[in-house]
Amino acid sequence: MSNLVNAERVTMTYGTRTLLDGISLGLSRGEVVGVVGRNGAGKTTLLQVLAGTLVPDGGRITHTGHLSIGFLQQADDVAADASVRGLIVDDAPDHIWAANPRTRAIVEHLLADVDLDAQAISLSGGERRRVALVTLLLAEHDLLILDEPTNHLDVEAVDWLAKELRNLQAANVAMLVVSHDRWFLDAICTRIWEVHDGAVHAYDGGYAAYVLAKTDRV
């Protein structure tokens, strides 16, 4: 199966620090990869380079065909002058969007306490981030890149999101996920990429399998 995204000998340096040092890797349809590593190791940089929002210093990133990418970044990127309804369902009235069972479930689980007719500028940072997450889930992307998607979610919402992402994986959607929630990574990931000292090491399975495999390497 051809990869949706390929990185070939990619290098990224900030000042005197090399975060990515000639890495080569690929991501195929239906793969869910958890990206782990210590703070500052280059996890977010890797996501940005693969998404195409950051140009590497060296090497090449290629995307297959008309690849549609949804990117949930840590920074607030919701249009402040738009309404929640406009952002998530293109201003459709309740009787239209709620007729779709999946749309209704996503809104009910992630935005139950948010007024859909409110302007995004009036929401808290956590609410805006949940709006951004819902917008991505409803957009039918080929690849979802999620940087800390469980932030501002309660335990029930995290459990529901894991199930929703597994459904998307079954529909052949690929995902790259950074999260400090080890249970969440174990619940959704088919592989783990560890960013460490400029390199990216790949491990099969979820977070628990990664911990065991890493222990065996030591």
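User: Which residues do ring pairs link into a cluster?

Analyst: Keep in mind that this is a predicted model. The count of aromatic pairs comes to two. One joins Y203 to Y210, and another joins Y207 to Y210. Chain those together and the cluster is Y203, Y207 and Y210.

User: Why is the pair of Y203 and Y210 edge-to-face?

Analyst: A pair of rings is described by how far apart the centres are and by the angle of the planes. For Y203 and Y210 the centres are 5.0 Å apart. Planes over 60 degrees apart count as edge-to-face, so this pair gets that label from its angle of 75 degrees.

User: And what angle do the planes of Y207 and Y210 make?

Analyst: These two sit three residues apart in helix α8 (residues 207-217), so about one helical turn separates them. Their ring centres are 5.4 Å apart. The pair is edge-to-face too, with the planes at 65 degrees.

User: Are the tyrosines Y203, Y207 and Y210 buried or exposed?

Analyst: The cut-off for buried is under 20% relative accessible area. Y203 has 7% and Y210 has 6%, so both pass. Y207 is in that class as well, which makes the answer for Y203, Y207 and Y210: buried.

User: Moving on to helix α5, how many of its 13 residues are buried?

Analyst: Helix α5 runs over residues 125-137. The buried ones include a run from G126 through E127, R128, R129 and R130 to V131, and A132, L133, V134, L136 and L137 are on the list too. So the helix is mostly covered, and the number of buried residues is eleven.

User: What covers those buried residues of α5?

Analyst: The cover includes both strands and helices. On the strand side there are β5 (69-72) and β6 (143-147). The helices among the cover are α2 (84-89), α4 (101-110) and α6 (155-170).

User: How far does α5 reach from its first C-alpha to its last?

Analyst: At 1.5 Å a residue, 18 Å would be expected for this helix of 13 residues. The model comes close to that, with a reach of 19 Å.

User: Zooming out, what radius of gyration does the chain have?

Analyst: The chain has eight helices and nine strands, and its C-alpha trace spans about 55 × 35 × 35 Å along the principal axes. With 218 residues, a compact globule would come out near 17 Å. The chain agrees with that, at 18 Å.

User: What share of the chain's residues count as buried?

Analyst: The chain exposes about 10,600 Å², with carbon and sulfur atoms supplying 49% of that area. Counting residues instead, the buried share of the 218 is 49%.

Key:
Residues numbered from 1 in each chain as written. Predicted model: local features only at pLDDT ≥ 70, side-chain atom pairs only at ≥ 80, totals over all residues. Heavy atoms only, no water. Helix = DSSP H or I, 4+ residues; strand = E, 2+ residues; numbered from the N terminus. Expected span 1.5 Å × (residues − 1). Buried < 20%, exposed > 50% of the residue type's maximum accessible area, 1.4 Å probe, protein only. Contact = heavy atoms within 4.5 Å. Phe/Tyr/Trp six-rings, centres within 6.5 Å; stacked < 30°, edge-to-face > 60°. Rg over C-alpha atoms; globule rule 2.2 N^0.38 Å. Areas by Shrake-Rupley, 256 points an atom, 1.4 Å probe, with all protein chains shown as cover.
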